[in-house]
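This briefing looks at a ligand site and at one acidic residue beside it. Please have the sequence and the structure open while reading.

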Amino acid sequence: MKISKRAEKIPPSGIRKFFDLVIGMKDVISLGVGEPDFTTPWGICESAIYSLEKGYTSYTSNKGLYQLRYQISRYLRHKYSLEYDPEEEILITVGTSEGLDLALRSIIDPNDKILIPQPSYVSYGPVSFLAGARPIIIETKQENNFKLTPKLLRSACSKDVKALILNYPSNPTGASYSKRELSEICKIAIKHNLIVISDEIYGDLTYNFIHTPIAQFKGMKSRTIYLNGFSKAFAMTGWRIGFACGPKEVISAMTKIHQYTMLCAPIMSQIAACEALKNGESSVLSMKKQYRIRRDFVVDRLNEMGLECILPDGAFYVFPSIKNTGYDSISFAERLLKTQKVAVVPGLAFGKVGREYIRISYASSLENLKEALVRIERFLKKSIL
Ligand code: PMP
């Protein structure tokens with residue numbers, strides 16, 4: 001069958017491609033996929049089980065259950081002083097992934113440019129391209145913890161630029177932005193009339209300071225599409241629930257596309273997400289405590305063995321440099337997997353700027369992490385070029 005040029009042009013995810021190698025190998029410690037090792041807190045699972053017992057097996061309204069949109073508006077008001085109207089400014093999506101796709105498809109006209117600071121989450125480039133945009137990559141620098149600086153942003157802005165995709169805390173680096181840094185980005189976004197698609201899926205997993213949504217800044221709410229979801233903080237990747245908040249005209253456009261493509265998110269997952277917001281906070285805090293302990297351990301060990309690594313502000317990834325090993329990220333990850341059975345993601349998967357880095361997920365037990373780091377150290381001792 002003839003495949004469209006567009007579909008042909010997008011590369012397969014660098015993460016998945018690599019993890020196909022892992023399938024079928026025995027005794028591999030996988031620090032690869034970006035997924036909590038915890039199962040969903042039991043109270044949340046139970047609420048979905050009850051919902052099935054009560055016969056909740058139907059579609060919901062396209063926007064999602066009102067009760068869930070209401071809980072989200074409460075959460076955003078209490079946690080971040082953000083006001084979103086559950087009737088018109090919040091849409092429940094099938095994961096944050098769908099929110100990203102809908103946001104892009106709702107704002108892009110052919111050949112609009114979308115700014116993507118890299119290293120970045122693997123889907124931003126391909127999804128922008130599929131929506132008809134021209135993705136413009138901004139390569140960030142290690143000396144700025146791979147963050148978008150005002151200078152880099154200013155120099156990437158031109159009249160065809162429609163939007164910026166921002167993600168903090170970041171996948172793959174874990175870096176986040178302080179209020180001061182965000183306010184500089186906001187000034188430029190306002191000056192150049194940019195829409196900001198802000199993927200804050202790891203916002204609740206911020207360790208060093210309090211996360212600040214970019215929509216909080218003056219003049220930003222009307223130009224921000226705020227994306228979030230339940231996959232990470234609540235360990236609910238398999239439930240496929242996310243949400244998008246923004247001005248009513250964009251949420252209405254996103255709802256139209258969602259209506260024809262997805263109809264609605266699964267009802268039992270929406271009910272579970274309500275329970276997560278009502279009673280799940282203590283579980284999030286206890287998982288966060290574990291991630292923090294693991295982060296500190298992994299960063300110390302990597303730096304000790306000479307893989308330079310900054311202390312991430314959030315998420316559950318570290319992004320150490322492998323420059324002084326002589327390997328590029330793909331051969332490093334392949335050899336590490338082959339010889340020591342530890343799976344990490346080559347930094348190249350997150351953009352060219354990541355080619356001398358690897359991403360390690362510490363969403364794995366401390367026991368696994370300890371053993372994996374012993375193996376990585378052994379690998380370095382044996383195979384420095
Ligand atoms: N954004 C980022 C930055 C992510 O890391 C991920 C998942 N790895 C997603 C979005 C997609 O999340 P979801 O499961 O909510 O679709």
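**Ligand site and aspartate 199**

In this predicted model, 13 residues surround the ligand, and those that come nearest are Thr96, Ser97, Asp199, Tyr202 and Ser231. The points below take the ligand's polar partners to begin with and then turn to Asp199, which is one of these nearest residues.

**Polar partners of the ligand**

- On the backbone side, a polar atom of threonine 96 lies 2.7 Å from an oxygen atom of the ligand.
- Two side chains also supply an N or O atom opposite a ligand oxygen, with asparagine 171 at 2.8 Å and serine 231 at 2.6 Å.
- Taken on its own, the ligand has 400 Å² of accessible area, and the protein covers 92% of it.

**Setting of aspartate 199**

- Aspartate 199 belongs to strand 6, which spans residues 195-199.
- Beyond its neighbours within four places in sequence, aspartate 199 is in contact with Thr96, Tyr124, Leu166, Asn167, Tyr168 and Leu227; of these, Thr96 is also among the residues that come nearest to the ligand.

**Charge and polar contacts of aspartate 199**

- Although aspartate 199 is buried, it has no salt bridge, and the nearest side chain of opposite charge, that of lysine 232, is 8.7 Å away; a salt bridge would require a distance within 4 Å.
- The side chain of aspartate 199 does, however, make a polar contact of 2.6 Å with the side chain of tyrosine 124.
- A polar atom of the aspartate 199 side chain also lies 3.2 Å from the backbone nitrogen of isoleucine 201.

Note on methods: Residues numbered from 1 in each chain as written. Predicted model: local features only at pLDDT ≥ 70, side-chain atom pairs only at ≥ 80, totals over all residues. Heavy atoms only, no water. Helix = DSSP H or I, 4+ residues; strand = E, 2+ residues; numbered from the N terminus. Buried < 20%, exposed > 50% of the residue type's maximum accessible area, 1.4 Å probe, protein only. Lys, Arg positive; Asp, Glu negative; His and termini not counted. Polar contact = N/O pair within 3.5 Å; in protein donor to acceptor, adjacent residues only side chain to side chain. Contact = heavy atoms within 4.5 Å. Near = heavy atom within 4 Å. Areas by Shrake-Rupley, 256 points an atom, 1.4 Å probe, with all protein chains shown as cover.
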